[in-house]
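Reader: Let's go through this one together. I'd like to hear the reasoning behind each label.

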Amino acid sequence: MISEIVTQETLARFAKEVAKYPDDQKQSAVMACLAIVQQEAGFVSAESEKVIADYLGMAPIAVHEVTTFYNMYNQHACGKYKLNVCTNLPCQLRDGGRALQHLEEKLGISMGETTPDGLFTLQQCECLGACADSPVLLVNDRTMCSFMSNDKLDQLVDGLRAAGDPQ
């Protein structure tokens, strides 16, 4: 069953990660295996969670718990640009909710959706560790944007849109 979902190259990458841990602790590689699947497929499906669980000798629900706990694992296909807006309480008090609402209006989608052109997926997230810089958002799980006024949000979206479509 494993070879139907992932390639031999993927399994080799899994093995490289598992080798970093003692034999009785191979489950410690779960996050690395999830990251590998996401890099290759763009998201972590229920089927790939099962493959990882079987490979690491874990219950599928244990892998799913990791997938759903962290924002960096997508459970469905996302746009080219994933925008995670912090909506934790400190950020809410400093206009995080307003920033999310502005992006919903600008992009014409609701939180959790992807624009029809496949460019943007809008999500909320918990603490990004930059409460004093709020509103903050994270682009593609890598680039932190701080003090995001409506003007700065518009500039960000317009700049990413101008960078080209995903095709």
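**Labels and the values behind them**

Author: Sure. In α3, V30, C33, L34 and V37 meet S48, I52 and L56 of α4. Keep in mind that this is a predicted model.

Reader: How do you know which classes of residue make up the contact of α3 with α4?

Author: Sort them by class and you get six nonpolar, one polar and no charged residues. Val, Leu, Ile and Cys are among the types that count as nonpolar.

Reader: And what describes the way α3 and α4 cross?

Author: The axes of helix α3 (residues 30-41) and α4 come within 10 Å and cross at roughly 145°. As for the hand, α3 passes α4 in a right-handed crossing.

Reader: Why is α7 called oblique to α8?

Author: Start with the angle. The axes of α7 (residues 96-107) and α8 (residues 150-162) come within 10 Å and cross at roughly 40°. Under 35 degrees would count as roughly parallel, and 65 to 115 as roughly perpendicular. The angle therefore makes α7 oblique to α8. The crossing of α7 and α8 is right-handed.

Reader: What makes up the contact of α7 with α8, by class?

Author: From α7 come R98, A99, H102, L103, K106 and L107, and they meet N150, L153, D154, V157, D158 and R161 in α8. By class, that contact has five nonpolar, two polar and five charged residues.

Reader: H102 sits in helix α7. Why is H102 called buried?

Author: Buried means under 20% relative accessible area. H102 has 16%, so the label is buried. Leaving aside neighbours within four places in sequence, H102 is in contact with N150, L153 and D154.

Reader: On to charges. How many salt bridges does the structure hold?

Author: Seven salt bridges. One of them joins K106 and D158, whose closest N and O atoms are 3.1 Å apart.

Reader: What makes K106 and D158 a link between separate parts of the chain?

Author: K106 lies in helix α7 and D158 in helix α8, so the pair ties together parts that are 52 residues apart in sequence. There's a network here too: salt bridges link K106, D154 and D158.

Reader: Are K106 and D158 buried, exposed or partly exposed, and how do you know?

Author: The partly exposed label covers the range between 20% and 50%. K106 has 30% relative accessibility, so K106 counts as partly exposed. D158, at 38%, therefore counts as partly exposed as well.

Reader: How do you know that K82 and D141 form a salt bridge?

Author: The test asks for a side-chain nitrogen of Lys or Arg within 4 Å of a carboxyl oxygen of Asp or Glu. In the pair K82 and D141 the closest N and O atoms are 2.9 Å apart, and that's a salt bridge. K82 lies in strand β1 (residues 81-86) and D141 in the loop between β3 (137-139) and β4 (143-145), so this pair ties together parts 59 residues apart in sequence.

Reader: What labels do K82 and D141 get for accessibility?

Author: K82 has 3% relative accessibility, so K82 counts as buried. D141 is at 28%, so D141 counts as partly exposed.

Reader: Why are D54 and K50 said to be about one helical turn apart?

Author: Because D54 and K50 are four residues apart in helix α4 (residues 46-56), about one helical turn separates them. Their side chains meet in a salt bridge, at 2.8 Å from N to O. D54 counts as partly exposed at 36% relative accessibility, and K50 counts as partly exposed at 31%.

Reader: Now the backbone. What makes the peptide bond from S134 to P135 cis?

Author: Omega: the value for the bond from S134 to P135 is near 0°, and the bond is cis. P135 lies in the loop between β2 (120-125) and β3.

Reader: What's notable about phi of N140?

Author: Phi of N140 is near 50°, a positive value in a residue other than glycine. N140 is found in the loop between β3 and β4, and at 30% relative accessibility N140 counts as partly exposed.

Reader: And what about phi of F147?

Author: Phi of F147 is near 55°, a positive value, and F147 isn't glycine. F147 has its place in the loop between β4 and α8. With 45% relative accessibility, F147 counts as partly exposed.

Conventions. Residues are numbered from 1 along each chain as its sequence is written. This is a predicted model: local features need pLDDT of at least 70, side-chain atom pairs count only at pLDDT 80 or more; totals for chains, interfaces and linings use all residues. Side-chain values use heavy atoms; hydrogens and water are left out. Axes are lines fitted to C-alpha atoms, for helices over the stretch in contact, and angles run from 0 to 180 degrees between N-to-C directions. Helices (H or I, at least four residues) and strands (E, at least two) are DSSP runs, numbered from the N terminus. Angles under 35 degrees count as roughly parallel, over 145 as roughly antiparallel, 65 to 115 as roughly perpendicular and the rest as oblique. A crossing is left-handed if the near helix is turned anticlockwise from the far one by less than a right angle, and right-handed if clockwise. Contact means heavy atoms within 4.5 Å. Buried means under 20% relative accessible area, exposed over 50%, partly exposed in between (1.4 Å probe, protein chains only).
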